[in-house]
Amino acid sequence: MDRPGTHTMAAAPVVISQDEVRSLLRYRDLIPRLEDALAKFSRRDSADVIQPVRSTVPYFGLMPTYMENDGVLCTKVLCFYKRQAGSALPSVQSTVLILDPEYGNVQAVIDGEVITGMRTAAASAISAKLLMPARAEVLAILGSGHQARSHYSVFTEIFTFKEVRVWSQTRASAERFSDWAGGAVRVCGSAEEAVRGADVIVTVTRATEPVLLGQWIKPGAHVAAVGACRPDWRELDDALMKEAVVYADSKEGAKAESGDIILSGAEVFAELGDILNGTSPAHREKTTVFKSLGMGLEDAVSAKLVFDRWRAKNSQT
Ligand SMILES: NC(=O)C1=CN([C@@H]2O[C@H](COP(=O)(O)OP(=O)(O)OC[C@H]3O[C@@H](n4cnc5c(N)ncnc54)[C@H](O)[C@@H]3O)[C@@H](O)[C@H]2O)C=CC1
Ligand SMILES: O=C(O)C1=NCCCC1
């Protein structure tokens with residue numbers, strides 16, 4: 001593409017692999033940037049963030065974000081394809097593109113898997129920082145796949161739990177997860193056993209029917225609900241959705257995509273950004289649910305961090 005007045009070709013995009021993303025992205029850098037971006041999003045100032053609800057056709061989603069004041073133009077493309085039995089591929093495959101906001105050329109093509117794992121877990125960790133009870137001792141994780149691992153990593157990096165429990169569809173997969181975590185995780189035989197008495201519960205399953213029931217939950221617990229991102233899928237039952245104070249990453253996203261919200265008729269009380277802006281209270285003393293759908297904004301912030309680090313590293317050599 002010719003840049004106005006120069007008649008030179010735009011540089012070819014750089015390709016940043018999954019291993020490079022893993023070496024460049026750190027939760028300690030990502031979390032404060034995500035907090036800042038979520039707060040900006042909730043102020044709804046279009047010069048700060050324009051991020052529509054994900055646009056989808058069967059098996060494919062597009063997640064664009066424009067941050068004029070920060071000079072960020074970005075989109076994630078994601079595909080939900082069936083995996084072959086035994087495949088190590090994730091259920092969702094994604095790529096993040098960074099574009100030059102002035103000229104529109106693609107500057108970087110970045111593998112989306114590590115970004116998706118880390119930014120989703122970081123958003124859940126932010127919800128827990130804001131909403132979990134003051135003395136949180138027990139963490140329960142339902143599900144043992146890709147998101148379970150990133151959630152375990154960030155929750156044990158930034159909080160200190162006395163006990164971490166996992167439940168999964170099969171005992172073997174929960175045991176593999178516990179082995180991966182160095183054996184520090186108690187494998188539970190049922191979801192109920194895992195969540196009874198837990199202070200923080202993370203649901204990271206591909207369930208389409210509720211796996212977490214309100215009757216099992218300790219009053220005041222915090223739930224980060226990450227799966228069930230389709231309008232007819234559930235992870236949480238009506239009792240929990242109606243009893244809890246429900247927060248979301250984006251109210252528009254939650255109302256369009258979350259079966260737990262749409263089918264239970266629960267109200268979204270506030271976004272995480274509203275708490276960060278001080279415009280809505282964090283009801284730590286009550287049972288709370290953070291309904292996470294995932295935002296293009298989170299990918300954009302993560303990808304910018306990766307690209308900035310990549311450029312700094314590669315300009316020195
Ligand atoms: N909120 C967000 O930003 C994001 C949400 N997701 C969602 O999070 C969930 C987990 O994603 P990954 O860890 O990448 O998937 P994964 O395929 O790696 O792991 C899924 C886990 O769910 C379990 N599972 C599958 N069906 C189940 C059922 N019927 N009942 C109970 N457990 C079941 C599997 O055994 C496995 O442990 C998915 O629903 C995915 O769509 C994924 C990325 C971002
Ligand atoms: O935000 C994402 O990325 C995803 N959200 C819902 C499920 C698929 C991936």
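## Two-domain chain: loops, sheet and domain contact

Gln 169 sits in the loop that connects strand 8 (163-167) to helix 5 (171-180). The model described here is predicted. Because Gln 169 has 16 C-beta neighbours inside 10 Å, it counts as partly exposed. Ala 244 lies 75 residues from Gln 169 along the chain, and 25 Å separate the C-alpha atoms of these two residues.

Confidence comes next. The protein chain has a mean pLDDT of 95, with 95% of its residues at 70 or more. The scores of the model are ipTM 0.99 and pTM 0.96. Where pLDDT is low, the predicted coordinates should not be read in detail.

**Domains**

The protein chain is split into domain 1, made of 14-115 + 297-316, and domain 2, made of 117-294. Taken over C-alpha atoms, the centres of domain 1 and domain 2 are 23 Å apart. Contact between the domains involves 20 residues of domain 1 and 24 residues of domain 2. On the side of domain 1 that touches domain 2, at least two residues each come from helix 2 (27-43), helix 3 (113-131) and helix 11 (296-316). Helix 2 gives the largest share of that side, 10 residues. Sorted by class, the side of domain 1 that touches domain 2 holds 12 nonpolar, three polar and five charged residues.

**The six-stranded sheet**

Six strands form an open sheet in the order 1-6-5-4-3-2, and their pairing is mixed. Strand 1 (14-16) and strand 2 (55-57) are the edge strands, each pairing on one side only. From one strand to the next, the twist averages 15°. Helix 3 packs on this sheet and touches strand 5 (92-99) and strand 6 (106-111); the direction of helix 3 makes about 95° with that of strand 5.

At one edge, strand 1 runs parallel to strand 6, and three bridges join the two. Here Val 14 has Ala 108 of strand 6 as its bridge partner. Strand 6 is also joined to strand 5, by five bridges and in the antiparallel sense. In that pairing Ile 98 has Ala 108 in strand 6 as its bridge partner. Ala 108 thus appears as a partner of Val 14 and as a partner of Ile 98. The hairpin of strand 5 and strand 6 has six residues between the strands, and Gly 104 in this hairpin takes a positive phi near 90°.

At the other edge, strand 2 and strand 3 (residues 60-67) are antiparallel and share three bridges. Val 57 stands opposite Phe 60 of strand 3.

The strand pairs described in this report, including one with strand 7 (residues 138-142), are set out below.

| Strand pair | Direction | Bridges |
|---|---|---|
| Strand 1 and strand 6 | parallel | three bridges |
| Strand 5 and strand 6 | antiparallel | five bridges |
| Strand 2 and strand 3 | antiparallel | three bridges |
| Strand 7 (residues 138-142) and strand 8 | parallel | five bridges |

**Strand 8**

Strand 8 pairs in parallel with strand 7. Leu 139 has Val 164 in strand 8 as its bridge partner. Strand 8 is largely enclosed by the rest of the structure, because four of its five residues are buried.

**Positive phi outside glycine**

Arg 44 and Tyr 59 are taken together here. Arg 44 is in the loop between helix 2 and strand 2, and its phi is near 55°, a positive value in a residue other than glycine. Arg 44 is exposed because it has 10 other C-beta atoms within 10 Å. Tyr 59, in the loop between strand 2 and strand 3, has a positive phi of about 70° although it is not a glycine. With 10 C-beta neighbours inside 10 Å, Tyr 59 also counts as exposed.

**A buried loop residue**

Thr 287 belongs to the loop between helix 10 (272-277) and strand 14 (288-291). Is this loop residue, Thr 287, buried or exposed? Thr 287 is buried, because 20 other C-beta atoms lie within 10 Å, and a residue counts as buried at 20 or more. Setting aside neighbours within four places in sequence, Thr 287 is in contact with Ile 217, Pro 219, Gly 220, Ala 221, Glu 243 and Ala 244. Val 21, by contrast, is 266 residues from Thr 287 in sequence, and the two lie 35 Å apart, C-alpha to C-alpha.

Terms used:
Residues numbered from 1 in each chain as written. Chains lettered and ligands numbered in written order. Predicted model: local features only at pLDDT ≥ 70, side-chain atom pairs only at ≥ 80, totals over all residues. Domains from an automatic or database assignment. Contact = placed C-beta atoms within 7 Å. Nonpolar A, V, L, I, M, F, W, Y, C, P; charged D, E, K, R; others polar. Pairing = 2+ DSSP bridges. Axes fitted to C-alpha atoms, helices over the stretch in contact; angles between N-to-C directions. pLDDT = per-residue confidence, 0-100. Buried ≥ 20, exposed ≤ 12 C-beta atoms within 10 Å, placed from the backbone.
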